[in-house]
Amino acid sequence: VSEEDVWLDFVSSVFIDTPRDYFYRHIHNDPDQQVHQHIFVALEDGNTLITQTSQILGTLRVFQRSFLHYNDIQPMGGIGEVSVSPSHRRKGIATKLLHKAIQHMKEGNPKPISAPESKMPFIWSSLHTGEAAPLYRTVGYQSMPLSFSTIEYKTLPKAKKDNDTDTIYRHVDFDADIAGMKQIYHEYCGHFVGCFTRQSDYYWEHWVHQETPRIIVATSADSKSIKGMLGGEIKKNENGTEILLIKDFGVCSSSFAHDYGETMFIDLLLSWVNEFCPQYALENSIVLPSAVCAHWKDVSHCIHEVDEGVMYLKLNMANSKGESTNIVPLDAEKQGTNHLFWSTDAF
């Protein structure tokens, strides 16, 4: 049994509602070539080789990422898989692990991964939590609310709004469409704060493909250019009712300039439902980040929930160009409506 297997067993035993495969995917689909070196563990005294879960007191993982502050790349270390053995909680183990990880991130990023932006010093750390926000505040993390909106499916038109016969809507081909999706994704996400950059083809081929395989793209008739993309997943809410969660979306610059991507969203959504879930009930809802639809005029939407669990910590004071920066994406009043994160990238 490898140390990775023992670690996976430990993490999945703590996060009992999350399947082991989730953590396995997040190791093996990550472009980080030194992924195991960014997993921190607290062990019983004297242990050097991990052979069983009982040796692990707690653990966390640093994910090497970067996010967009509009068009500026901000290298970031994500914190995930923070877990402590039930018998060793309230002993400061998680806090010690966090301090260790923060120091590791502040010292820079000496191990390059297969994405150009990952070779830059970390500027930020980010994480998502539920009830553990007080713990993360003690080491300096601050919340930045992420709002989600609901669209009632029955209120949408049942025929495409764009009558352009030169546009084709089809299931994504990950072998052929990555370059076009990357371009659309970055054009669109450059209008917001918080989207991961996804500059690595490996990330698209493995992480995105596994986490959000159901993507519809809008292409030109010759399929040479991609105009838009939408990925989703049918999930159940707290009441057991099915919802369609929008996990990914992006449109070309002309579509954004026209109506912030509203028409393209409707047409992509109708194509997605027809392709993947034609029986989707009219009384069900679509849930998407509020930043996406904040300026839409025709689609009726309302705030579904505000997630207070997205947190940031400033690590260094240089941007991707090595310039000093005072960018603070924690000012909810100024930037909260533009705060966007796709669940495809969640860890």
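# A guided tour of the sheet and its helices

In the protein chain, residues 24 or more positions apart account for 73% of the contacts with a separation of 6 or more. The model on display is predicted. With the whole chain selected, 10 helices and 14 strands can be displayed. Of the 347 residues, 54% count as buried. The accessible surface comes to about 16000 Å², and carbon and sulfur atoms contribute 48% of that area.

**The open sheet**

Select next the seven strands that form an open sheet of mixed pairing, in the order 7-9-10-11-12-6-13. The edges are held by strand 7 (167–171) and strand 13 (302–307); each has a single partner strand, so one side of each is left without a neighbour in the sheet. On average, neighbouring strands of this sheet are turned by 25 degrees against each other, direction ignored.

**Strand 6 and its two partners**

Proceed to strand 6, residues 146–152. Is this strand mostly covered or mostly uncovered? Strand 6 is mostly covered, with five of its seven residues buried. On one partner, strand 12 (residues 285–289), the pairing is antiparallel and extends over five bridges. Within this pair, display E152 together with its bridge partner S285, then F148 together with its bridge partner P289. Strand 13 also runs antiparallel to strand 6, and five bridges join the two. Here T150 of the pairing stands opposite C302 in strand 13.

**Two hairpins**

Select strand 9 (215–220) and strand 10 (226–236). These strands pair in the antiparallel sense over five bridges, and V217 stands opposite M229 in strand 10. Their hairpin has five residues between the strands, and S223 takes a positive phi near 60 degrees.

Keep strand 10 selected and add strand 11 (242–251). How many bridges join strand 10 and strand 11? The two strands pair in the antiparallel sense over nine bridges. M229 appears here again, standing opposite G250 in strand 11. This hairpin likewise has five residues between its strands, and in the turn G240 has a positive phi of about 85 degrees.

**The helix across the sheet**

Add helix 8, residues 262–276. Helix 8 lies across strand 6, strand 7, strand 9, strand 10, strand 11 and strand 12, and runs at about 55 degrees to strand 10.

**Helix 6 and two packed helices**

Two packed helices are described by the angle between their axes and the distance between the axes. Select helix 5 (residues 178–189) and helix 6 (residues 201–211), which pack at an angle of about 100 degrees with their axes 10 Å apart. Helix 5 is therefore roughly perpendicular to helix 6. To view the contact, show the side chains of I178, M181, K182 and Y185 in helix 5, which meet D201, W204 and E205 in helix 6. By class, this contact has four nonpolar, no polar and three charged residues.

Now replace helix 5 with helix 2 (residues 20–28), whose axis comes within 10 Å of that of helix 6 and crosses it at roughly 170 degrees. Helix 2 is therefore roughly antiparallel to helix 6. The residues to display are R25, H26 and H28 of helix 2, along with Y202, W207, Q210 and E211 of helix 6. By class, the contact of helix 2 with helix 6 has two nonpolar, three polar and two charged residues.

Key. Residues are numbered from 1 along each chain as its sequence is written. This is a predicted model: local features need pLDDT of at least 70, side-chain atom pairs count only at pLDDT 80 or more; totals for chains, interfaces and linings use all residues. Side-chain values use heavy atoms; hydrogens and water are left out. Two strands pair if DSSP finds at least two bridges between them. Helices (H or I, at least four residues) and strands (E, at least two) are DSSP runs, numbered from the N terminus. Axes are lines fitted to C-alpha atoms, for helices over the stretch in contact, and angles run from 0 to 180 degrees between N-to-C directions. Contact means heavy atoms within 4.5 Å. Angles under 35 degrees count as roughly parallel, over 145 as roughly antiparallel, 65 to 115 as roughly perpendicular and the rest as oblique. Ala, Val, Leu, Ile, Met, Phe, Trp, Tyr, Cys and Pro count as nonpolar, Asp, Glu, Lys and Arg as charged, and the others, Gly among them, as polar. Buried means under 20% relative accessible area, exposed over 50%, partly exposed in between (1.4 Å probe, protein chains only). Accessible areas come from the Shrake-Rupley method with a 1.4 Å probe; for residues, only the protein chains shown count as cover.
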